[in-house]
Amino acid sequence: GAAGETQEVFKKFASYKSEAQLPKHVQDMKIIVDNRNESIILPVYGQAVPFHVSTLKNVSKSEEQDMVYLRFNFVTPGVTKKEMSQPFEDPSATFIRALTFRSNDVGRFMDLFKQINDLKKDTQKRDAERKEKAD
Amino acid sequence: MAREFDNVLLGGKNNSKATGKLKVADVGIGWRNSLNGKIVAVPAGDIHKVTWQRCARDYQLRVQQKDGTVSKFDGLPKEMYDTLAPLLKNLYHKTLERKESSVKGWNWGSIEFQGNQMAFNVANHTAFEIPLSEVANTNVPSKHEVTVEFATPETSGESGSKRKAFSEDALVEVRFFVPGVGTQNQVTANEE
């Protein structure tokens with residue numbers, strides 16, 4: 001086909017420029033949604049680790065007894081044709097494909113689930129609009 | 001010459017709020033849990049490398065021993081560098097290196113093993129470290145995937161009452177994708 005055959009290029013993005021820009025409440029060691037910087041911040045063994053929403057494929061939740069789990073699935077090179085067409089800065093790097101967190105605070109995790117999906121939807125919508133304008 | 005620092009947290013733990021007293025003295029570096037009196041000690045002669053970096057709870061003093069063991073002390077104010085750096089220099093002749101953490105928000109990088117730690121580095125800066133002592137299980141679910149499961153407070157017996165709300169969100173599993181050489185060729189071959 002002729003239309004839409006232009007090669008997609010990898011677009012650079014970054015959550016923060018420096019550590020000083022991390023929100024103060026990362027010290028609570030809880031998952032944070034930072035809408036302004038289009039990022040989620042996950043607590044990993046004492047470190048506050050941001051992930052830009054562009055790296056996030058989706059988030060799923062599950063409940064088991066009194067526990068609630070949030071699983072963050074990230075965009076990685078894969079084996080399907082669609083995944084292969086996605087541009088990557090370094091396809092030979094090691095990727096984080098998923099991170100699963102657990103809490104017994106069901107209400108807060110449900111709220112996070114909604115916030116993250118909203119952020120994902122909003123950025124996808126904005127990107128689509130931007131693309132339309134550029135065309 | 002010895003100095004004591006209060007309200008210091010033992011780093012590299014899942015869901016651990018224990019604060020303690022950090023003591024930096026000529027015999028070595030020690031941390032004492034204020035709650036149960038447990039001690040983490042690094043003898044002066046075993047200190048190999050000391051680094052200073054940002055962590056979730058302010059700043060961290062990371063002490064690497066000659067055998068690779070890493071101890072982390074979190075919750076130190078940024079300005080404490082000016083006190084600690086000359087102290088460590090005087091006592092152990094070690095330079096307190098400043099290390100930057102990655103806050104880029106990328107999910108790709110490289111894995112580096114350092115003693116009892118597994119680091120995920122993004123563009124030459126560490127995004128996070130996994131203490132291998134906290135790893136409960138590993139799996140290879142498919143050719144290019146590796147999963148690492150972690151000991152959670154119940155399984156490691158470190159939590160108090162089960163009914164209480166956890167104060168922190170605990171990482172239970174990470175799944176890595178390791179492309180490796182040949183992937184591209186294999187996929188193409190499979191599609192033919």
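Q: What does it take for two strands to count as paired here?
A: This is a predicted model, and pairing in it is read from DSSP. Two strands pair if DSSP finds, between them, at least two bridges.

Q: In what order do the 3 strands of the open sheet in chain A run?
A: The pairing in this sheet is antiparallel. Its edges are strand E1 (32–34) and strand E3 (47–52) of chain A, each pairing on one side only. Direction ignored, neighbouring strands are turned by 30° against each other on average. The order is E1-E2-E3.

Q: Which residue is the bridge partner of A:Leu42 in E3(A)?
A: Strand E2 (residues 39–44) of chain A runs antiparallel to E3(A), and 6 bridges join the two. Look across from A:Leu42 into E3(A) and you land on its bridge partner, A:Val49.

Q: What pattern does chain A follow along the sequence?
A: Chain A has 2 helices and 6 strands to place. Reading along the sequence, you get β-β-β-β-β-α-β-α.

Q: How much of chain A counts as buried?
A: A residue is buried if 20 or more other C-beta atoms lie within 10 Å of its own. Chain A has 135 residues, and the share that counts as buried is 36%.

Q: Is A:Gln65 buried or exposed?
A: A:Gln65 sits in the loop between strand E4 (56–64) and strand E5 (67–74) of chain A. In space, its C-alpha is 9.3 Å from that of A:Asn104, although the two are 39 residues apart in sequence. Because A:Gln65 has 6 other C-beta atoms within 10 Å, it is exposed.

Q: Which chain B residues does A:Gln27 touch?
A: A:Gln27 belongs to the segment before E1 of chain A. It has 17 C-beta neighbours inside 10 Å, so it counts as partly exposed. Not counting residues up to four places away in sequence, A:Gln27 touches B:Ala56, B:Arg57 and B:Asp58.

Q: Which element supplies the largest share of the side of chain B that touches chain A?
A: In the contact between the chains, 43 residues of chain B meet 45 residues of chain A. Strand E7 (70–76), strand E9 (108–114), strand E11 (125–131) and strand E14 (170–177) of chain B each supply at least two residues of that side of chain B. The largest share is 8 residues, and it comes from E14(B).

Q: How many residues on the side of chain B that touches chain A are nonpolar?
A: That side of chain B also holds 9 polar and 13 charged residues. The nonpolar ones number 21.

Q: Which residue in E9(B) is the bridge partner of A:Thr94?
A: Here a strand of chain A pairs with a strand of chain B: strand E6 (residues 94–103) of chain A and E9(B) are antiparallel, over 2 bridges. In E9(B), the bridge partner of A:Thr94 is B:Gly109.

Q: Which residues in the largest nonpolar core touch the most other members?
A: In soluble globular proteins, nonpolar side chains tend to be buried together. The largest nonpolar core here has 63 residues, with members from both chains among those named below. A:Leu99, one of the residues with the most core contacts, is in contact with A:Leu42, A:Phe72, B:Leu171 and B:Val174, leaving aside its neighbours within four places in sequence. The residues asked for are A:Ile40, A:Leu42, A:Val49, A:Leu99, A:Phe101 and B:Leu171.

Q: Which helix packs on the 8-stranded sheet of chain B?
A: The 8 strands form an open sheet with mixed pairing, in the order E4-E3-E2-E1-E7-E6-E5-E8. Its edge strands are strand E4 (39–43) and strand E8 (96–99) of chain B, and the twist averages 30° from one strand to the next. The helix on this sheet touches E1, E2, strand E5 (47–54), strand E6 (59–65) and E8 of chain B, and its direction makes about 140° with that of E8(B). That helix is H1 (residues 81–92) of chain B.

Q: Which residue in E2(B) stands opposite B:Leu9?
A: Strand E1 (residues 3–10) and strand E2 (residues 19–25) of chain B pair in the antiparallel sense over 5 bridges. Opposite B:Leu9, in E2(B), stands B:Thr19.

Q: How many residues of strand E12 of chain B are buried?
A: E12(B) pairs antiparallel with strand E13 (residues 145–150) of chain B over 5 bridges, and a hairpin of 2 residues joins them. Within this pair, B:Asn137 stands opposite B:Glu149. Strand E12 (residues 135–142) of chain B lies largely in the open, because of its 8 residues the number buried is 0.

Terms used. Residues are numbered from 1 along each chain as its sequence is written. Chains are lettered from A and ligands numbered from 1 in the order in which they are written. This is a predicted model: local features need pLDDT of at least 70, side-chain atom pairs count only at pLDDT 80 or more; totals for chains, interfaces and linings use all residues. Two residues are in contact if their C-beta atoms, placed from the backbone, lie within 7 Å. Helices (H or I, at least four residues) and strands (E, at least two) are DSSP runs, numbered from the N terminus. Ala, Val, Leu, Ile, Met, Phe, Trp, Tyr, Cys and Pro count as nonpolar, Asp, Glu, Lys and Arg as charged, and the others, Gly among them, as polar. Axes are lines fitted to C-alpha atoms, for helices over the stretch in contact, and angles run from 0 to 180 degrees between N-to-C directions. A residue is buried if 20 or more other C-beta atoms lie within 10 Å of its own, exposed if 12 or fewer, and partly exposed in between; C-beta atoms are placed from the backbone. A nonpolar core is a set of buried Ala, Val, Leu, Ile, Met, Phe, Trp, Tyr and Cys residues joined through C-beta atoms within 7 Å.
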